[in-house]
Each structure stands twice: as structure tokens, then as C-alpha cells.
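Got the viewer open? Let's walk through this one stop by stop, selecting as we go.

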Amino acid sequence: MQFLEAKDKNLADVLSNNRYRIDSFQREYRWQRRHIEALISDLCICFDSFYNDDDTIENYESYGGYYMGPIVLCDDKKSLSIVDGQQRLTSFTLLLVFLHHAQKALNLPDEQVKDIKQFLYVTKGGKTTLVLNVETRNEVIEHLFKSPQEVLELEEKVKDESLHNLIARYEDITKLFPVEFNTAEKLPIFIEWMLDKIIMVEVKAYSMDSAYTIFETMNDRGLSLNPTEILKGFLLWKIEDENKSEEMNSFWKSRIAELKSIVGVDGDLDFFRAWLRAKYAETIRQKQVGSENEDFELIGTQFHSWVKNNPSKVHIKKPEDSYFFIRSDFDFFSNLYIKLFKMRSALHDGFEEMYCSSFYPIADSLTYPLILSPITKIDSAEEINEKVKIMSKFIDIYTAFRVMIGKAITQSTIRYSMYELVKSVRNLNTVELKEKLLIELNRLGIQSDSPLSTFHRMDNWGFYHYFFARLVYHFKKVNEEKLPDFSDLLRSKRQKSLVLYRFILEGETEDGVEPQFWEHYYNSVACFCLVRRYDLDDLYEMELVDRIKWLIQNDCMPEVSAYDLSEIKEGYITEFLLNRDGALQEVVPEIWNF
């Protein structure tokens, strides 16, 4: 009797001609933005290591693969139950939905268009369902597949937090997928590579008991050493004084426990990658095919080995250097890292940009090295705080303005320029730091003027919810009102949650305005604001003029709070939109200024 089967499968095989179920006890989809960003970044970086600009779709077969880890299934002869791997398979489903729409938008020749539907749907036993057949999710996935442009309306309909998470992660993919991949030359090759060269080990058991035994065994890491423990062993081995070695062993364990407790289970790993990149990394892999990983990449994958192979780069030359490396450098920067994490997790006076921008960030793997890089152990507390504020403000402006001008902020897209910046701001004083960052903003074409163009098109639901939340927060601060927790201005499943709302309804027009011009108004950022979810039904019942007046009177458009309500009447809606558009452009440099 067969109890277990294990084999390598590519993504296409995993998703072809199979129907999977996800049992109710582990049905929640929990991936967050950082997980999607890491997935897209890893895939794109791996793909780019093989890709040449003159490659055609036939060349992908010579590319190397990407190992995605095991998935554990239970085959009970009814359907395949996913015991481990549903987060990844669900995320790949969302990514494939996005790629389906992306290739359609490029108007590719028929021979270069991949039939992605075959990896999303399966027909078996006369029944067609999604490959990941979870009844509570099917409506959302099918809506994204058929009508992705109506994601706002979909978000307003669903109440379940897991479904909101699916929608949010799809939105993340639309924002995080690199623009340079979304071309007629590159996208078809990437799709073929992804389906054929992403490899998983499919572990299939034939009873649920066996499946969970395998799952628990694979995830039991109690006896294995992680990179942090290996690094500790290397450093302590170099300390010749036994008392000092034991002292550092106790201190190390205590601080690592603190990192894990406050930052998270992988807090120690994230810290070492951020610290070593911020203060010691010098080289980065070149973009040419076949280039070797350098300091920044090696620290990201094997920081313990990198330190062991590069002791001089971390200033370890004599036995006593290891002691001071732990007692002084590790102590200082790990303590600072914990403080930075707390500042990004909750509002601290004077660090508003740092907290608010954490809700729409560039990757943590870039943010923390950037903030840590200019700080030195001899800086006073005041100098450290000032450097943190300067660096946080730069990151905030860079992120927001870059999104507004339609450029990606994905780790794979900006990592080269950000790692170069990490090196160039290392150990600078506050005056030098600010001067350097101003030059960097100018070099990137990010000026102090608003990047919002006239009737800027609404093309990024997630960012513009965040944008309007920042706007509401700004005006409350200017008017010296009680500030809400910024997280309360973002969307959630709660009825009192704020949602992004288009206040001109479909079909509403203005006499005398050409359809092509009205389309610009209707789809512009100036046609949106934030409203409480529980107010939506009442708003839909109002006439357009009354609706706009209500929104102004209820502080949903604080940038036009002084607007003369008598000017809002039939025949003058486009004039109101023009004025609001100008007000939005004016307020952007007030919020994001250096």
C-alpha cells in the first residue's frame, strides 16, 4: 500500500488538470504586502539573471529555474487537500490573474499569448471550477479574472477579512510588478519561464494523518542552527578569553530573544541583513547575465557566511575585535533597530512621516539599511533622531512622488539605486546627509512641485486610499484637531472603516461636456475621496449636487472645506472638479516636503 509520493513539479504541472480544496480549519489567506513583494522581487531578480535584451520566447528553455519549496497534499480520492502551501498557491493564482490581463493589454501576437485560464480553471467529471476550489473565495477570484477594473466595487461588497486580503494582495501585485517587465518583448518570456521553471516538490500523502506527520516533520526546526546561531558560533570562537566569551553568549541570546519578541520570529535575520548592508556592504551584483552575487546579495542570502569570509570588512582582525563587535556594534545597532521598528509600528512625536509612510512603504530590506546607514555610534541622541527624521522624510517623499509619476517602487526595480544610496550616505553628518538627499531627489526628477498632473488618472486604488488618508491626517494636524491613529484612516472590514469612493456615479454626466472630456473627469483622482463604509447607501440615494455638498460638509474633502457651496450646482460640476484638482496639486508639496 502506498503511503507517500514525492516528486519535482513545475508550476504549470501543479496547476494543470487538478482540483484542490483547502479545509476549513486552515482556510484563511494571510499573506501581507511584504510577502507578495518578496515573491515578485525574488522571481524577477532570478529571471533577470538569465535574460538578455535580445532574447526571444524560445530562449527561456535555456534559463535556470527557481525552487519554491515543498507543498504537502492529501489525496483522499475525492480531491487534493492542500495541507501546506496554500499561501503560495493562492498568491500564484493572483499573480496569474494579473499576468492574464497584462498580456491582453499588450495586444501580443496570438502565438505569444499564453492561455493562462487553463491554470486557473479545471474541468473534471463534467464540472468546471477554479483549480483552487474554495467556495467562499470563488466569487472574488472570478471577479478579478473577469472585471479587474471594478475592484473598488468588489471591495465594497465583501465583508470577510480573508477576502479583503485577497483583493488587497491583487492590488499589491498590480503596483509591485515591475514596469520594465510589462513589455511585449519581456512579459511573454517571463510568463513561459515562470510556469515552466518555478519548481516545487509535491509531497503527496494518502491519509490526512500521514500528511500532517510530514508537515510537522518538515517544519520541526528545533535541532537545526539558523544563520544567527552560526554567526554567533563564529564570533564566540574567535574570543580567546573564556569569561568574555560566556558573557557575550549570554548577552547575544538575550538580545536575539528581544528581537524575536518585539520584531517577529524572523526579526534577528532581518536585523542582521539590514545592519550589515547599512554599515559594511560595498559591492553589488552587476546587471549583466551570469554576474556573481556580491556583498548586498550575499548578505541577503547567507550573512553568516559573508561575515566569516569577509572579517576585515566588519573590522574583525584580532581576537578582541569579536568581543567589541558584539559588545559595542551589535549592541548599539540592534538596540537602534528595535527602536526604529517601534517608531514604524506606532506614532511617536516628531516621527509622523516614519509611522504614516510605513503603511505604503518601499521594502523593509531597503528602508532599514537606508535609515541605519548614516548613523554612527558616536552620534548624540539628538543627532540620531535628526538623521532618522531626515532619512524617513526622504523615503516618504521618494516613495509617494515616484508612485504619483507612475514609476514602480518594487524592490527589484529600485534596489540598485537604493543600495548605491546606502553606501553614499554612510556615516554622513546631518548637514551632509540632507544635501546629499536633496541632490538625489533632483537626480531622480523628484522636485518640490506637485507630481500630480491636471486631472491625474486614478490608476492605483491602494495608493490613493493612502494618499487621501495622508491628506485627511495633514488637515487635522494643520487645524490642530485631535489626530486619529493613522491606521484608522485606512480600510478594514469594519463598518466604520473608510473606503475610497468615486462620488460621481456611473451614468451621471453634465450637459455640454464632450464624452471624452467627461471620461477624464470621471476617472481622475479629483473625482474620489474617503467616506465611511456605513454612509455609502445614503450617498447613493442623493443627487450629485447634494452628494458633493454633503461630502464637503462632512470633512470628506478637507482641501476644499472653504469652497462656496452655492457654487456647486447643475452645470458647474466640472468647474468644481477643476478647482478641487488644483487644490489637491497645491496640498501635495505641503504634505511631502523636504
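Start with the largest nonpolar core, which has 131 residues in this predicted model. Select Met404, Phe467, Phe503, Phe576 and Trp592: these have the most contacts inside that core. Now add helix 16, residues 381-404, which gives the most to this core, with 12 residues. There is also a second, separate core of 64 residues; to find it, pick Tyr66, Ile82, Val140 and Ile141, which are among its members.

While helix 16 is on your mind, colour Lys389 and Phe351. The charged end of Lys389 sits over the ring of Phe351, 5.2 Å from the ring centre. For another charge over a ring, go to Arg33, which lies over the face of Tyr360 at 5.0 Å from the ring centre.

**Next stop: ring against ring**

Show the aromatic side chains; the structure holds 51 aromatic pairs. Zoom in on Phe47 and Phe190, an edge-to-face pair with 5.4 Å centre to centre and 80° between the planes. This pair links distant parts of the chain: Phe47 belongs to helix 2 (residues 33-48) and Phe190 to helix 7 (residues 187-197), 143 residues apart. Both Phe47 and Phe190 are buried.

Then jump to Trp275 and Phe330. Why is this pair tilted? The ring centres of Trp275 and Phe330 are 6.3 Å apart and the planes meet at 45°, and a pair counts as tilted when that angle is neither under 30 degrees nor over 60. Here too distant parts of the chain are linked, with Trp275 in helix 11 (residues 267-279) and Phe330 in helix 13 (residues 319-345), 55 residues apart. Trp275 is buried at 0% relative accessible area, and Phe330 is buried at 0% as well.

**Over to the strands**

Select strand 3, residues 66-75. It is mostly covered, with 8 of its 10 residues buried. Strand 7 (residues 198-205) runs parallel to strand 3, and 7 bridges join them; look for Ile71 standing opposite Glu202. Strand 4 (residues 80-84) runs antiparallel to strand 3, joined by 4 bridges, and there Cys74 has Ser81 as its bridge partner.

**Last stop: the cysteines**

How many disulfides does the structure hold? The count is 0. Select Cys527: the nearest cysteine sulfur, in Cys529, is 8.9 Å away. Cys527 counts as buried because its relative accessibility is 0%. Now click Cys556, whose sulfur is 5.3 Å from the closest cysteine sulfur, again that of Cys529. That is too far for a bond, because a disulfide needs the two sulfur atoms within 2.5 Å. Cys556 also counts as buried, at 12% relative accessibility.

Methods
Residues are numbered from 1 along each chain as its sequence is written. This is a predicted model: local features need pLDDT of at least 70, side-chain atom pairs count only at pLDDT 80 or more; totals for chains, interfaces and linings use all residues. Side-chain values use heavy atoms; hydrogens and water are left out. Buried means under 20% relative accessible area, exposed over 50%, partly exposed in between (1.4 Å probe, protein chains only). Helices (H or I, at least four residues) and strands (E, at least two) are DSSP runs, numbered from the N terminus. Two strands pair if DSSP finds at least two bridges between them. A nonpolar core is a set of buried Ala, Val, Leu, Ile, Met, Phe, Trp, Tyr and Cys residues joined through side-chain atoms within 4.5 Å. Rings of Phe, Tyr and Trp (its six-membered ring) pair if their centres lie within 6.5 Å; planes under 30 degrees apart count as stacked, over 60 as edge-to-face and the rest as tilted. A charge sits over a ring if NZ of Lys or CZ of Arg is within 6 Å of the ring centre and within 35 degrees of the ring normal.
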